[in-house]
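Biologist: Can you walk me through this protein before I get back to the bench? I'd like the overall picture and then the details.

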Amino acid sequence: MTILIDQPHEFGDGAEQKKAAVDEKELLDGGFLLPHTNSFGQTFRDYDAESERRQGVENFYRINHINQTYDFVKRMRDEYGKLNRVEMSIWECCELLNDVVDESDPDLDEPQIEHLLQTAEAIRKDYPNEEWLHLTGLIHDLGKVLLLPSFGGLPQWAVVGDTYPVGCAFDESIVHHKYFKENPDYHNPAYNTQCGVYSEGCGLNNVMMSWGHDDYMYLVAKENKTTLPSAALFIIRYHSFYSLHKSAAYKHLMNQEDVENLKWLQVFNKYDLYSKSKVRIDVEKVKPYYLSLIEKYCPEKLRW
């Protein structure tokens, strides 16, 4: 059997990624084979599919879109940017996620540590020399500890789900966009234009994103002075920014560094999204490798 896959190393300025015919056995042995269905047997990111989680996911986004205002995000960044809740290692944080399930995700109901390792191991198989990317796969969702009581027990709508800029118009490509009409910023002339409080080409680093685990983990990695490259921090902060990397919205706010980093985010996204399967990972077998990466790129203890 022959199938077509994207070749993620093939980047060009505005050019489409090349396709290559690959034998299925070769993919299974040495590459990441994209599954056709998610953990529930549905296509990925199908928010209209009749599944046991559809109603809950839509209600999540209704509450999220009503409450994620510019002022709310600013308060959350000021509060959680203090990083004064606890000191712990990366692996300790991974273990804390055993009891976390993301209610916004229509594709996954496994504990988060399973998804972290599925993502990291899939990347490791295809990109054996990009160890920073392996570690990024492991830690990208660690900010979901915000759901735990020791981190304030924030509601799901303030921790998970697709992210998007606040302080400018909500793009129609954002999932369940209709619920933004109940958000106060939707009717505020300071915030409801294409650029809002920003300027064209200002750079995404100067744009406030809806608050959640992405922005929080970005702050943790940055302020604790991890030695991860710029592309890794970009992936951590924007991996849920689907309206950008799937629909090409908000590109008018990007600068040249964002354009370069987006290439790596689009590579990463394939593994983040499509590794949400029932494939199990032997945690104890892979743990020594990831501990060695943590030691290389991160302090022994981080402020959270």
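Modeller: Let's go through the overall make-up, a helix and its partners, the annotated sites and some odd backbone spots.

Modeller: Ground rules: this is a predicted model, where local features need pLDDT of at least 70 and side-chain atom pairs count only at pLDDT 80 or more, while totals for chains, interfaces and linings use all residues. Residues are numbered from 1 along each chain as its sequence is written, and side-chain values use heavy atoms, with hydrogens and water left out.

Biologist: Fine. How many helices and strands are there in the protein?

Modeller: The protein has eleven helices and four strands. Helices (H or I, at least four residues) and strands (E, at least two) are DSSP runs, numbered from the N terminus.

Biologist: And what percentage of the residues is buried?

Modeller: Of the 304 residues in the protein, 54% are buried. Buried means under 20% relative accessible area, exposed is over 50%, and partly exposed is in between (1.4 Å probe, protein chains only).

Biologist: What share of the contacts comes from residues 24 or more positions apart?

Modeller: Such pairs account for 75% of the contacts in the protein with a separation of 6 or more. Contact means heavy atoms within 4.5 Å.

Biologist: Now helix 6. Why is helix 6 described as largely enclosed?

Modeller: Helix 6 spans residues 131–139, and eight of its nine residues are buried, so the rest of the structure largely encloses it. The buried ones are Trp132, Leu133, His134, Leu135, Thr136, Gly137, Leu138 and Ile139.

Biologist: How do people describe two packed helices?

Modeller: By the angle between their axes and the distance between the axes. Here the axes are lines fitted to C-alpha atoms, for helices over the stretch in contact, and angles run from 0 to 180 degrees between N-to-C directions.

Biologist: OK, at what angle do helix 6 and helix 8 cross?

Modeller: Roughly 20 degrees, and the axes of helix 6 and helix 8 (residues 230–238) come within 10 Å. The two helices are therefore roughly parallel to each other. For the cut-offs, under 35 degrees counts as roughly parallel, over 145 as roughly antiparallel, 65 to 115 as roughly perpendicular and the rest as oblique.

Biologist: Which residues meet there?

Modeller: From helix 6, Trp132, Leu133, Thr136 and Ile139 meet Ala231, Ala232, Ile235 and Ile236 of helix 8. By class, that contact has seven nonpolar residues, one polar and no charged ones. Ala, Val, Leu, Ile, Met, Phe, Trp, Tyr, Cys and Pro count as nonpolar, Asp, Glu, Lys and Arg as charged, and the others, Gly among them, as polar.

Biologist: And at what angle does helix 6 pack with helix 11?

Modeller: About 105 degrees, with their axes 10 Å apart. Helix 6 and helix 11 are therefore roughly perpendicular to each other. Glu131, Trp132, His134, Leu135 and Leu138 of helix 6 make that contact with Tyr289, Tyr290, Leu293, Ile294, Lys296 and Tyr297 of helix 11. By class, there are eight nonpolar, one polar and two charged residues.

Biologist: Where is Ser292 found?

Modeller: Ser292 is in helix 11 (residues 283–297) and is partly exposed, at 35% relative accessible area. The C-alpha atoms of Ser292 and Leu135 are 9.8 Å apart, although 157 residues separate them along the chain.

Biologist: Switching topic: which residues does the UniProt "binding site" annotation cover?

Modeller: The unreviewed UniProt entry lists His115, His140, Asp141, His213, His239 and Asp272. Positions are given in the numbering used here, feature names are shortened, and annotations may be inferred rather than shown by experiment.

Biologist: Is His140 buried or exposed?

Modeller: His140 is buried, with a relative accessible area of 0%. His140 sits in the loop between helix 6 and helix 7 (213–223). Leaving aside neighbours within four places in sequence, His140 is in contact with His115, Leu116, Thr119, His213, Met217, Ile236, His239, Phe268 and Asp272.

Biologist: And where is His115 found?

Modeller: His115 is in helix 5 (residues 112–126) and is buried, at 2% relative accessible area.

Biologist: Last thing, the backbone oddities. What is the phi of Leu83?

Modeller: Leu83 has a positive phi of about 50 degrees although it is not a glycine. Leu83 lies in the loop between helix 3 (70–80) and strand 3 (87–88), and counts as buried at 4% relative accessibility. Ala248, also not a glycine, has a positive phi near 60 degrees. Ala248 lies in the loop between helix 9 (242–245) and helix 10 (256–274), and is partly exposed at 44% relative accessible area.
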